[in-house]
Amino acid sequence: RTKIGNKVDLEAVAVRGEPLPDYFSKEFKAKPETFTQENIIEELLDLLGYDKSRRGSESELRVYGIRWPDYKLLVSQEFYLLAEAEPLNSDLYADGHGLEQVLTWIQNKATDTNYGIATDGFRWILVEYQIEYGKHREVKVDLSPFFVEKLGFRTLMQEKERFQRFSTFLDFFSRDRIEKT
């Protein structure tokens, strides 16, 4: 809320899923992915149990061509996930971005893991690539209604759905739960 002071812009981004208008700060428009990482994704990664000691940075992770994962999330000493961060309200299924990037790293065995995350901060996709079948499975969670509520806008999400959505997020994305499975 403090980073997007104008209520009209805030509503456009949080409620309607629009990108920030062109007249917004040059700093944000130049680095929208960094804004999303610093203001949303990293806070949620902390909540999920991937504090800074369990996150590798982009510079440590050149795994395929010129595209680097934004995070290496350490579940245990032997197991990790790769994560790709995109700007707010990005299409995580767009060619060459989000989920496609994660799958490229895994399918081409540029990494030792079969798991990854694509997120724009609001929407999260956990993917498991099954090499023997040449297919992947996804778990998707949309947290945008939580941000809408937190920012003081109305949402139609019922209490039961809110609980179920957040439980799904924790069950599938938290380090503790992943480590136990």
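Select Phe169 first: in this predicted model, the residue has a relative accessibility of 0% and therefore counts as buried, the limit being under 20%. Next, add Phe166 to the selection. Both residues belong to helix H6 (residues 159–173), where they stand three residues apart, about one turn of the helix. Phe166 has a relative accessible area of 29% and is therefore partly exposed.

How are the two rings placed with respect to each other? The ring centres of Phe166 and Phe169 are 6.2 Å apart and the planes meet at 40 degrees, so the pair is tilted. To see the wider group, extend the selection to Trp124, Phe146 and Phe173, which form one aromatic cluster with Phe166 and Phe169.

**A second aromatic pair**

The count of aromatic pairs comes to seven. One of them joins Phe122 and Phe147, whose ring centres lie 4.9 Å apart with planes at 45 degrees, so this pair is also described as tilted. Phe122 is in the loop between E4 and E5, and Phe147 is in helix H5 (residues 144–150); the pair therefore ties together parts that are 25 residues apart in sequence. Colouring by accessibility separates the two partners: Phe122 is buried, with a relative accessible area of 3%, whereas Phe147 is partly exposed, at 21%.

**From Phe122 to Asn89**

Keep Phe122 displayed and select Asn89, which has Phe122 among its contacts. Asn89 is found in the loop between E3 and H4. Is Asn89 buried or exposed? Its relative accessibility is 17%, and because buried means under 20%, Asn89 counts as buried.

Now display the side chain of Arg123. A polar contact of 3.5 Å links the side chain of Asn89 with that of Arg123. Leaving aside neighbours within four places in sequence, the residues in contact with Asn89 are Val13, Gly17, Glu18, Asp120, Phe122 and Arg123.

**Helix H4 and its cover**

Follow the chain to helix H4 (residues 98–107), which is mostly covered, with seven of its 10 residues buried. Which residues of H4 are buried? They are Gly98, Leu99, Gln101, Val102, Leu103, Trp105 and Ile106. To display what covers them, select strands E3 (80–85), E4, E5 (123–130) and E6 (135–142), which are included in that cover.

Within H4, centre the view on Trp105. This residue is buried, with a relative accessible area of 1%. Add Leu82 and draw a distance between the two C-alpha atoms: the separation is 8.6 Å, although the residues are 23 apart along the chain. Then step just past the end of H4 to Lys109, which takes a positive phi of about 50 degrees.

**A charge over a ring**

Select Lys72 together with Tyr80. The charged end of Lys72 sits over the ring of Tyr80, at 4.3 Å from the ring centre.

**Confidence along the model**

Finally, colour the protein by pLDDT. The mean is 82, and 82% of the residues reach 70 or more. Where is confidence lowest, and where is it highest? The lowest confidence is in helix H2 (residues 26–30), with a mean of 57, and the highest is in strand E4 (residues 115–119), at 94. Strand E4 has already appeared on this tour, as part of what covers the buried residues of H4.

Conventions
Residues numbered from 1 in each chain as written. Predicted model: local features only at pLDDT ≥ 70, side-chain atom pairs only at ≥ 80, totals over all residues. Heavy atoms only, no water. pLDDT = per-residue confidence, 0-100. Helix = DSSP H or I, 4+ residues; strand = E, 2+ residues; numbered from the N terminus. Buried < 20%, exposed > 50% of the residue type's maximum accessible area, 1.4 Å probe, protein only. Contact = heavy atoms within 4.5 Å. Polar contact = N/O pair within 3.5 Å; in protein donor to acceptor, adjacent residues only side chain to side chain. Phe/Tyr/Trp six-rings, centres within 6.5 Å; stacked < 30°, edge-to-face > 60°. Lys NZ or Arg CZ within 6 Å of the ring centre and 35° of its normal.
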